[in-house]
Structures are given as structure tokens and as C-alpha cells.
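Q: Please take a close look at one part of this model and describe its surroundings carefully. I would like the strand pairing and the aromatic contacts treated together, and then a view of how this part sits within the whole.

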Amino acid sequence: MSTDYNYDDKGQFFPYFILTILGLILCPLTYSTFAPSKQPGISKTPLIKGNNYKPPGNEAIEAARRRQKRSERRLKRFTSIVIGWALFAYMAYLIAVSSNAEGKIWDPYEILGISMSADEKAIKSHYKQLSLKYHPDKIRPTGNQTLEDLNNHFVELTKAYKALTDEDIRNNFIQYGHPDGKQSFSIGIALPTWIVSEGNNYYVLAVYGLLFGILLPYYVGRWWYGTKKHTKEGVMTQSAGSLFRAYQENVDEKKLVEILTTGEEMKLIAGGAREKEWIGSEEATIERKIRDAGLADKQMKVIEELDVWRRRALGLLWAYIYRVDLESEKLNNAKLDVAPAAIALNKSFHAIALAYPNTQPVMASMHLNQCLVQAVPPHSSPLLQLPHFTNEIVAAVEQDGGKNHWTVQRFMACSEQKRRRLCVGKGLLNDQQYKQVITFAKALPALNIEAAFFKVMGEKYITPASLVNFVVKMRVVPPGSTPPSVDAKDLLDEDPDETDVDALLGRNGMSKGKGDGQSTTPLAHAPYFPRDYSPSWHIFLADGKQGKMIVPPQPITRWEKSTDNFAVQTFKLQFQAPSQPGEYAFVMHCVSDSYLGVDKKQNVTLTISDPSKVEQIKEDEEISEPEEDSLAGQMNTMRGRPAKKSKKRSSDDDDDDSSEESDTDGEQAGDQSETDTDTDTDEE
């Protein structure tokens, strides 16, 4: 058997080749582009439905949102996918409609229309019937048929009949698939002849060299380098290195704003590689505007001492935070573009800060994130996140020169009459604006901590080095709302079932986004931030005196139950208890990454009991528990208290005589009296 290689001069197999290559590329590319995000807690629900509040410069903010969305969709990749699938469909169409007659296997059974199990007698009888029907002398052409077509058809029938009635020919067909026995086969190379014909050889070689020698290694290397170029927080590794070198134990929010401008993302936005696009007058405009907005001289001095592009980036970032109109489309666009970059860099700094035990950098990162989302300067009034509120209106409400800033909760705790008197009037808010303020204030997701305690599953006492759960019971209570009283049962924490592996291992469903009936948190109300932002809360334990973290922050991105009915939510932190008995004072922090003035802070005490004393207490409790058959045991059972099970007597005991039973009872009574005496002595 010989093998013949030839070129697909009719393009018969070329569509198969293209279809296979496209399938290998398009399937993973499409999945990676359109697959749903695995990030927990992602929501598309707005905090306030039908909100019609438009902040100053809303058109530029919406334009920035559209730019960000286009960037996220990756327009080039989307276009490539559409073109690729269109070509894929066209190749499938060519395969479906193209004729494959030359490659079709000649089958005499199919030509005669009989089964392969038919014997020679049946074949002859069937052929005789076909001859009477299709012989050229007995049939006339109809429709588009010609006499030649009829002759060819009868010839095919005759060839098929002879192939099946001759024993040798039939055996050849059964064994080798062809009446003539073994046949040579050809492999059609999926390239039309014109591609490799004389005169085109060099062009084909050039194309193959370009595709497989240059483009393929280039794109594979670019993809690989791209995966290594960014961290999991989405910032460049070079930026993460700069943030790591700039880390300080005592960093505050204002210092952190300066640190964030060391990122390469800021350099790209501020024109570090495009210096000719910027002119000195634009930089002067930025600095003049932010100085007029109230930026302190200390921060202005820091700006003036920086390099050119960092000076520009820091000025733009402060302009965004102070909501400054730079009176230039180019500058306002750059100002809005630095905000998402600053959020990403801040998250990277947060991840770096978690590698250290210091509380201050972590808190500074969380508080600055609030400021970036709401476009509010650090240490400013939380009232600035209310719609239409400006520094002038805040000053009119607080009336103390900004010494003690009001939270939204305090503002809503005032009577309706007082609120109107403070912020409605000439030069302040009108009735429509005041209504929008109240709508947002009543939707602000503020948390109430209802209970916080430590426990060990299945144990009454916490011993050294045991696995401790810090349980936090909380409710979402928006400002101005009056929640119902908490059911005492909701503040209890029952041990999970033995089959609930996630609960036993401390895998909290609220942070992981698992479990039935859970709801995602609505998008943050952030009218000045040019992107959608999903808020989260972070709970952690710290040593207040030493300023060190005991248990690192754990995020809450989903609620265990719906928050519409003030349901009590449960959150747990799991950690190992200290190795020495005693009382340990901790501070529990619950910090939002999106809203100002809603953070919670509470002192908690962890009591570690001495194991020897715990064992003694357990023994005393076991001794003091009455048997369930006794009157005291029945009383305890009715009250829900523990009672010892009665000792079972064997059948041999039932056969004992009354004197033996009396002796046994006497011994038991004696033992019980001794135990009582010992217990009384211990108590004395």
C-alpha cells in the first residue's frame, strides 16, 4: 500500500484547517473575555433607585465612566472575537455546502439499495427488478435528466451488481473496502496549489516565518510578561515596589496621598512619558486651584519639592479629592482618571501594610479609601458625602468652626424642624435639594454592633492555644430609622452541625459569598467617583495600647440575610488563643471602605482560663448534677439544666435478694454522702 501526498488544489480541506485553528484560539479567548467575575460581592444594584442627583461637572464624570467601561471591555479584543467568530461561521458554511463527491467511498450495496446481509440470490433478484425499471431502452428522460445520465446510472448499477456477484470481488470489498483490493491512499495537504506554485514559494516562506518566527513568539511573550507585570491588586509590579519602599509605620492619610503618586500608573496619567503635552501654565493652574480650595501650606510645600510628573500627579489627585473644577477639559479628564488609579494603588498599599502588624498604616489606607470614593479630603466632615453639601453648608450645620464634625447619624438624629432650620434657606439648600439629602441619608448602610463575644465551639471555657471564634452580631440600621428590638435568640450563637465543614473551619459565608439567601451589598453612592464601586466592611482585632493587629482584617462583601428588615447578621473571626491564661483586652474595629462616619470601634476582653481549674470545675459540675430519675433531676430537666443519666442495673442485679439490694443501696448512699462532704469542704 502506497501513500501519496498532494496539495488541496480545490480547497476541499482548507476550511477544516482554518476552522480548527480558529476554534483553538477563539474558545479560550471568548471565555476569558465574557466569563463572569469570580470576585465575591460584585453587585450592579444602585444604593438609591431612581436617583436623579447630578453633581457639579457631571458630564465630565459620566464621560470618564464611559472611558473606563470602554477600557474594561477591551475594544480591540472584542472586535477580534467578533471577526474571528464570523470567519469561523463562514468556514463552517463552506464545509456544509461544499461537495465531497470525490472523497466519497464507492459502496455497491448503497448503489443497489440493498442490505449487506443479502445473499447472492436476493442480489440477483433485486438487480433484475432494477434492470426492468432503469434500463435505457425502457425509461425516458424526465425534467432535467438526459439520456447520458440514464446510461451512467444503469452502468453504475451493473458495476455494483458484478462487484457483489463475483466471489473474489465481493471478498475484496468486504476486507479492504474496494473491489480491487488494497488501494493506495492520498493525504490532501490543506493548502491550495496556488500557494506553493512556482513563483509564490518565497512569499509563502516569508509569511510562515513572520507568523511562527516573529508574531507568535511576540504575542506569547507579551502575554506572559503581562501576567507578570501586574500584581493581583491590578497594579504594576514596579508600582508595588515603590509603595513597599515608601511604607512607614506612622503614615497618615495625607502622607499616603503623597505616597500613592509614586506609582507608574500615575506617571502615565500625568504625562510622564508625554511631557510635551503639558505646559507650565497648566501646572500653575492646578496648584492655584487646590490652594484656593483649602489645601494646607504643608501639603503645598510637598508638591513644590517633587519631580515634574509627580508634582503634576499629586496636584491632580488633590484636585479630585477637593472636587476642584480646573476649568479645562484636558485637566478635568486627567483629574478624574487619577481617582481609579489611586484606588488600585491604595489597595496595593493596604496589602503591603497587612504584612506588618502595625494598625496605623492599615487604618490610614482604609480611611483614605473612603475619601477617594467620596471625593472628600481626609479629616473632613462626613456630611460632605451628602448630596449638595459644600463646606459652607457643613459650617452652617455644625456651627462650631469644624472642631467636632457631625456624622450623618447625628444629623439625622436631629428633629425635622432643626434639620430644616440648619440647612435650608437663602444661600443654603432649597426644598428639592433637601429632599435628595434626606433620601441618601436614610439609605446610608450604617452598622449597629448588637453583640461581640469570644467562644470555642463545644466548650464553655476558653483554654490556652484553643481555636477561638470571635462572634459579631450586627444590623444594618440606616440613619433616621427606628429598628425593632433585637430578639434575644438572634444574639445567641449555636454550634454548627458536625457535617458543616465550612462552618467548622471558620469559613464565613458573608465574606466568601456562599450560602442561600445571602444578598450582595448595593453599589456605593459615589457621584464624584468615575466608576461603579462595590463597598465592603472590614472587621479586625487590635491591641489598642501597642497599636498592633491581633487578627488581620476580614472583608464583608455579602450579608447573611436581607438587610431590609433589620435582620441580625453574624460574622466570625477565627484565631488561636494566647498560650497563657489571663485576661486580654482587645479593640474590635469595623471599618467601611466607602462611607465616612460609619466605622465602629468597641473594646472586648478575651478571658483565657487555666486548664487545671477548668477540669476541676467540670468535675464539680458533674458531681453536683442530680440523676435524671431523681426528683431534683426531673426538676433540672424541666428547667433545661443538665442531669446525670441513671446507672443501669444488669439482670443479675434484679435476681439479687433484698438484703443484697439493701447493702448495695447502703454503699451507694455512703459514697454519695462522702462526695457531698468533700464538696462542702471544698466550698468552705
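A: In this predicted model, phenylalanine 586 has valine 604 as its bridge partner in β11. The pairing to which this belongs is between strand β10 (residues 582-592) and β11, which run antiparallel and are joined by nine bridges. Both strands are part of an open sheet of four strands, ordered β7-β6-β10-β11 with antiparallel pairing. The edges of this sheet are formed by β7 (548-556) and β11 (600-608), each of which pairs on one side only, and from one strand to the next the twist averages 20 degrees. Helix α17 packs on the sheet, where it touches β6 (537-543), β7 and β10, and its direction makes about 20 degrees with that of β10.

Phenylalanine 586 also has aromatic company, for ring pairs link Phe586 with Phe454, Phe470 and Phe575 into a cluster. Across the whole structure, a search finds eleven aromatic pairs. One of them, outside this cluster, brings together tyrosine 247 and tyrosine 356 in a stacked arrangement, at 4.3 Å centre to centre and with 10 degrees between the planes. Because tyrosine 247 lies in the loop between α10 (237-245) and α11 (253-260), and tyrosine 356 in the loop between α16 (329-353) and α17 (359-374), this pair ties together parts that are 109 residues apart in sequence. Of the two rings, tyrosine 247 is buried, at a relative accessible area of 13%, whereas tyrosine 356 is partly exposed, at 28%.

Within the phenylalanine cluster, phenylalanine 454 and phenylalanine 575 form an edge-to-face pair, 6.1 Å centre to centre with 80 degrees between the planes. This pair links distant parts of the chain, since phenylalanine 454 is in strand β3 and phenylalanine 575 in strand β9, 121 residues apart. Phenylalanine 454 counts as buried at 14% relative accessibility, and phenylalanine 575, with a relative accessible area of 10%, is buried as well.

The strands that carry these two residues belong to another sheet, an open one of three strands in the order β3-β4-β9, with antiparallel pairing. Here β3 (447-455) and β9 (569-576) stand at the edges, each with a single partner strand, so that one side of each is left without a neighbour in the sheet. Neighbouring strands of this sheet are turned against each other by 20 degrees on average, with direction ignored. Strand β4 (residues 467-476) is joined to β9 by eight bridges, and the two run antiparallel; methionine 474 stands opposite glutamine 569 in β9.

A helical contact can be set beside these sheets: helix α5 (residues 120-134) and helix α6 (residues 147-165) pack at an angle of about 170 degrees, with axes 11 Å apart, and are therefore roughly antiparallel to each other. On the α5 side the contact includes Ile123, Tyr127 and Leu130, and on the α6 side it includes Phe154, Leu157 and Tyr161.

As for the setting of all this, the secondary structure of the protein comes to 27 helices and eleven strands, and buried residues make up 37% of its 684 residues. Among the contacts with a separation of 6 or more, 69% are between residues 24 or more positions apart. The protein exposes about 40500 Å², of which carbon and sulfur atoms supply 52%.

Definitions and conventions
Residues numbered from 1 in each chain as written. Predicted model: local features only at pLDDT ≥ 70, side-chain atom pairs only at ≥ 80, totals over all residues. Heavy atoms only, no water. Pairing = 2+ DSSP bridges. Axes fitted to C-alpha atoms, helices over the stretch in contact; angles between N-to-C directions. Phe/Tyr/Trp six-rings, centres within 6.5 Å; stacked < 30°, edge-to-face > 60°. Buried < 20%, exposed > 50% of the residue type's maximum accessible area, 1.4 Å probe, protein only. Contact = heavy atoms within 4.5 Å. Areas by Shrake-Rupley, 256 points an atom, 1.4 Å probe, with all protein chains shown as cover. Parallel < 35°, antiparallel > 145°, perpendicular 65-115°, else oblique.
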